[in-house]
Each structure stands twice: as structure tokens, then as C-alpha cells.
Amino acid sequence: MLSPLARAATRRPLTVILLWVLFLLLGLGLGTGVFGRLSDNVPEVPGTESDAAARYLDRADPAGESITAVVGGVAVADAGLRAQVERAVAEVRTIAGIAAVPDPYATRGLTAGDGRALIIPVTLEGGLDDDDEEAAVDAAAARIRQIDAPEVHVSGGPLLGTQIGERAQEDVRDAELISLPVVLALLLVVFGGLRAAVLPLVIAVSGIAGAFLALFAFSEVTDISVHAIQVTTMLGLGLAVDYALLMLVRFREERRRTDDVVAAVHRTVGAAGRTVLFSGLTVAVSLTGLLVFPSTFLRSMGLAVAAVVVVDMLAAVTLLPALLARFGGRIPPAKVRPGGEEGRVFARLARFSARHRVAVLAVVVPVLLVPALPVAGLRLHLGDARQLPADTEARRLYDTVGAHFPPGTGVSPVTVVLEPGTTAATAGRIRALSPRAASHDLPDGTTVVELPPAGGVDGAAATGLVERVRDLRGDEPVRVTGPAARLVDFRAMLADRAPWAALTVLAGVFALLFAFTGSVLLPLRTIVTTLLSLGAALGAVVWVFQDGHLAGLLGAEGLGALSLTAPPLIVAIAFGLAMDYELFILARMREARQLTGDDREAVVTGLRRSGRVVTCAALLLAVVFAAFMTGGFSPILQIGLGLTLAVLIDATVVRMLLVPATMALLGRRAWWAPAPLRRAHERFGLREEEATARPPATTGA
């Protein structure tokens, strides 16, 4: 399958390189336009009650968005400050596109009880196009910021999306500036030379360009979350380095066997290239589970990340072979270490685990289950500005309001839509749910009731209000919307679709692993051991970010729950990455088994020859993830920590201990398949080139 790609890359390397340069220019040019299209609106689920009610209100009662300003750090009754605020309010009211700006001194609730802060809400006109809305927001924010006070913060609405997009762009740039030099230094240690070390970075830049371009394409048809740009970029960068590392290690090994660079490239693509192909497909299949969820955000994330994985995979099997064909003659072959045996430490670990397989399982399995226990108490929330870095304007506005105003100030209400046909008794019971209930009528006879909740927008009081309204309404035409209702519907959607998503992923991964190994037991063993490492990593994320243990070390705080989208993304991506390393090792085990026919020695040889590259790949990926955690967005910290721990646990504890122990326990049965499936695999299964007698190999996969 990969032979035509290898031939094209070696026959016309400059053409292949030129095509990729054009792709890079497109991705780094056009693709970066996605930063101006980022959204912070994640929990919309098309078809749910909350979404349908919101769409109805948008049609029946169109209202513009709003931004919020807070002025603090000074006595707001000061005559000079009051004159400034009143002039600013008057001038903002005259800006085209502004619908209303209440006088904070004359409106109840807009001046803090301690007299040290005031709020200026600015409502935009409905029906503005994007350019007019942006112009109105920028002009209003600029005028309010001219108020001379210690604290003047403006955010919310469309301004919040702009601020977060700009910060996300800065964070991605900073993460790349941190990670790329560290990755280069580690690659220099791995390869011992600059030429080989630079090539993975070239593939990494391709991955970044692919991330930008994929997200830009999806932004044409759907909203792209601010978190999507960071997740796809860090994964695109990390996997590109991993795949390039795998290919380069194999290429240097083949160079030791032949002086013919083109032949070495062909052998590399035929062996490691197939592993990369299966690895990329497995990661992509793991992400298809996100497509089962009707959430626009999760679906767009699944498609975008899968697209980035495919770009990385294609770069590794086309661009890298072309670069090797053109410049590979300058890369020295792998050296044979003194003593004759490569990967001695990994071979000893494999033999120890195989010899003491029952004891290893009895110790390691509980060790991984204990940190997974917090998952049982996992809670999800929409989150508030505490999820943002402390130096963002939205976070400063939130902190200032929280310091001077009562809890619940500015919290979005639970919105109840009472359509014609709703009885007066039901309407009365719904209004009685909140002492601060307010309502207004629409021209078509619908009544909209707003129920301000106690506490946060996604607290127990807010979600409890949603559930009580839905219990009270019976069969009457009453619908509930608002952020709290969206959260309730999102949680219900996750609970309803999660089993189907898991089934989809497990079936796809099982099929790919069977195609790769020809066994039905190896895919089952792989899935079980992967779930152990995944549970431990997710449990640690809950313990840190939900419960607050050690969160301060990461510049975060315990929020009582995880970000709404962090767990599904951690599970989908980490599961795919774990399959990545499993294939690296299984490829070498299968080669050794074909060569010797000795099942137990094949396990030792496979780990000896792949252990170093798996460990290096995991370390490089962890460096990339850690670099993206420096930005301070709590959801990215959660996802970054979860993926970092999952990768490190999987590449060490699972692959170095559990894999050889379980393989030894299964013995020859590990490669078993029913006769019909075995015949089908022999006929249709894709596998690496047949092993032939070779000199001892260096590490790699």
C-alpha cells in the first residue's frame, strides 16, 4: 500500500517537498485566520429543549448581545468620578448600534454596597451584522476605558470572544517557543546530531499548519471553541514529532544494513511507515467516538483533531521520506553499542515481568486502580471566569465584581418560555420558584419568565431550578433555556450517548488491531490495559482540579467540578495515543515472532527494540503537552495534565510491565484467532513486510 508513496518520495523528492511547502504557507497564512473566529460558547446541543427554546426566542424576541464594564478601586460617590462615568454613559449611548446603557447611579443593583465599585452594562441592538457589532463594541469599550480609576475592566459578549482569541494566539505562540527548543535538545540527545534532530521539527511545523488549516475549514460551517486551537495544535505538534522519531530511528537502523539511501527509505516506509499508518488510523478511529455526541463542539473537535492526525501521518510517510531521499545520505547510521545488546534495560524489564507475571499483575493493577477512584465522584460544570488566567480582563472583571457585589450578581437567569396554552396555575407555580422572578409578554402571546438562581450559573441551585420547572409543567407547552438548562441537557446528552461512543471506538480499534496483529485476544488485552492507565490519569485530573489538591502548583484552583468538555476529550485523545505506543511495540514483537517463532523471546525482543523509542516519544509528547499548560486556561490545564499523565503511565508502567506480563500469561494464545478470521487476515490483513534474517537491530520501532 505504501510502496507507491515511497517510490514517489524517492523519485521526485523536490516535487514532494515543494507541495508540502505550499501546504505550510497555506496553513500558516490562511489557517491562522481561525484565531479571529474563536467562540467561548461550548454547551450548545442541537435538538435539545434548551437549544430549541433559545432559537425560538432569537426569532420571536430578538435582542442584541451585551458587554459589561466594572469601575472599582475608588469611592464611586466621588464627584469627579461620577462626572466621568455619567459623561462616558451619555457618549456610549450615542454610538451607532448601542441600544441601552443604564445610569449605574440611578439603577438599583449597579452600585456596590461598599461604595467601591459600579457596573455599567451595555446592550447592543439586535440584528447587527458582524462588522457593525464589532465597531460598536470597540467604540463603547474604548470610551469606557477612558474613565480615570484604579480598576476599569470591560468584557463579556462578543468582546469576551475577541479577548480570549487574542490570548489563545499568544498562548499557542508561547507554547511553541517553549516546546520546540526543548524538543530539539532532546532530539539532539536521541540522535547525537543536528541533521537528524531537525527533521522531526520540520514534520512538527507541518502538523501545526495542518491544525490551523483544519480548524479554519471547520470554522466556515460551525463554531470553534477557544480550547480547540490549543488542543489540536499541541496534538498536531506532539504526534508529528512522535511519528518522525519512529521513522528516523528505523531509517538509521536500515542505513546500517545498506549504503543505498533510497533502499533504506523504502525499507523504512515498508516497516515503520506501516506502523505509522496504523497508528494514525487508530488515533483517528478513537476520535470518531466524539462524532456520536450531537454536540457541535465535540463533533467539530473530533473531526478537526482527526484531520490533524491524518496530516501528521501523511507528512511522516511522504514528506519525511522525500527529505530522507534528498538529505538522508548525510545522516549517519545507528551505532552499535559496546556489549552487543541494545535496549538492555528494557529487555531485563520484559524478562522480569514475564517471569513474575502474576506478581506484577497483582501489584500493578491495584496501583493503577487506586488513583482512578476519584473518577467515581466526577462532576461537570460550565465554569466561570475562574477558568481563565488571572491576568485576563474577563477574569479581572469577575474578581472585581465578586469582591464588591453580592453572590449571584450578573449570573444569567433560568429562562422559562410559557407558550399559549399554559395555565395560569402552572405559570404562578413557576414564578413562585424564585423571589426575584421577572416576566414579559411577546406579541404572539408567549410569556417569558426569568428566574435568577442563587449562586453560580451552573450550581446546584440553578440546575435544580431547571429540573423543578420541568417537573411542574406536566404536559403543558413550557420550555426552559439559559446556561443552566444547557448544562442539564449537555450532561444528559453525555450520559445517553457515552455508551454508544465507547462501543463505536472499541469496535473500530478492535478491528484495526486485528488487522494489524491477526489476533482477537491482543486487541482485548490492549483495550483492558489501556483503560487502566486512562482511569488513573483521569482520576488524577479529578483529584487536582475538582478537589483542589496541588492545583496551586499548576497555577490553578479547585473548582469543585471539571470543565464540561475536558473528560470526553481526555478519554478520546488519550485512548488513541495509548494505541499509538501499543502499535510501536506490537510491530517489533510481531517481527521477532516471525523471525524466531519463539513467543516469549519475541516479547523480550520487541520491548528491547522498541522500549527506547516509546520512552523517548512519550517524553517528547509530555514536553509538548506541558508547554501548552503554561497558558493558564483551566480546561487546557485539565486536558494537558490528563494527556501528559496518560502518556507517561502508558509508556512506562503499562508498556514496560503490564504488556510483557500479560503477554507471558497468554503465551502462544496471545496470537490466537478463530480459523475463519485467521484465513481472512491472511488474505486481507495489512501487515509489515515479512521479517528476514538480519543483523541485531538498534532500538526503534
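In this predicted model, Asp441 sits across from Thr447 of strand 10. A little further along, Ala438 is the residue facing Glu450, again in strand 10. These two pairs belong to the antiparallel pairing of strand 9 with strand 10 (residues 447-451), which runs over four bridges. The two strands make a hairpin, with five residues lying between them. Within that turn, Gly445 takes a positive phi of about 95°.

On to the other neighbour of strand 10. Strand 8 is joined to strand 10 by five bridges, and this pair is antiparallel too. Here Val417 has Val448 of strand 10 as its bridge partner. Put together, the strands build an open, antiparallel sheet of four, in the order 9-10-8-11. The edges are taken by strand 9 (438-441) and strand 11 (478-481); each has a single partner strand, so each has one side with no neighbour in the sheet. From one strand to the next, the twist averages 20°. Helix 3 (residues 49-60) packs on this sheet, where it touches strand 8 (414-418), strand 10 and strand 11. The direction of helix 3 makes about 95° with that of strand 11. As for strand 10 itself, four of its five residues are buried, so the strand is largely enclosed by the rest of the structure.

Strand 5 (residues 151-155) is another mostly covered strand, with four of its five residues buried. Its pairing with strand 2 (residues 66-72) is antiparallel and spans five bridges. One of the contacts along this pair puts Thr68 together with Ser155, its bridge partner in strand 5.

Turning to the nonpolar interior, the largest core counts 167 residues. Among these, Leu245, Leu287 and Tyr581 are the ones that touch the most other members. Leaving aside residues up to four places away in sequence, Leu287 is in touch with Gly302, Val305, Ala306 and Val309, and also with Ala572 and Ile573. There is a second core, separate from this one, made up of 27 residues; Ile120, Val122, Ala136 and Ile147 are included in it.

Then there are the rings. Three aromatic pairs turn up in the structure. One of them brings together Trp20 and Phe23, edge-to-face, with 5.3 Å from centre to centre and 75° between the planes. Both residues come from helix 2 (residues 13-29), and since they are three residues apart there, about one helical turn separates them. How do the two fare for burial? Trp20 counts as buried because its relative accessibility is 12%, under the 20% cut-off. Phe23, in turn, has a relative accessible area of 21% and is partly exposed.

A ring also features in a pairing of another kind: the charged end of Arg82 sits over the ring of Tyr105, at 4.4 Å from the ring centre.

Conventions:
Residues are numbered from 1 along each chain as its sequence is written. This is a predicted model: local features need pLDDT of at least 70, side-chain atom pairs count only at pLDDT 80 or more; totals for chains, interfaces and linings use all residues. Side-chain values use heavy atoms; hydrogens and water are left out. Rings of Phe, Tyr and Trp (its six-membered ring) pair if their centres lie within 6.5 Å; planes under 30 degrees apart count as stacked, over 60 as edge-to-face and the rest as tilted. Buried means under 20% relative accessible area, exposed over 50%, partly exposed in between (1.4 Å probe, protein chains only). A charge sits over a ring if NZ of Lys or CZ of Arg is within 6 Å of the ring centre and within 35 degrees of the ring normal. Two strands pair if DSSP finds at least two bridges between them. Axes are lines fitted to C-alpha atoms, for helices over the stretch in contact, and angles run from 0 to 180 degrees between N-to-C directions. Contact means heavy atoms within 4.5 Å. A nonpolar core is a set of buried Ala, Val, Leu, Ile, Met, Phe, Trp, Tyr and Cys residues joined through side-chain atoms within 4.5 Å.
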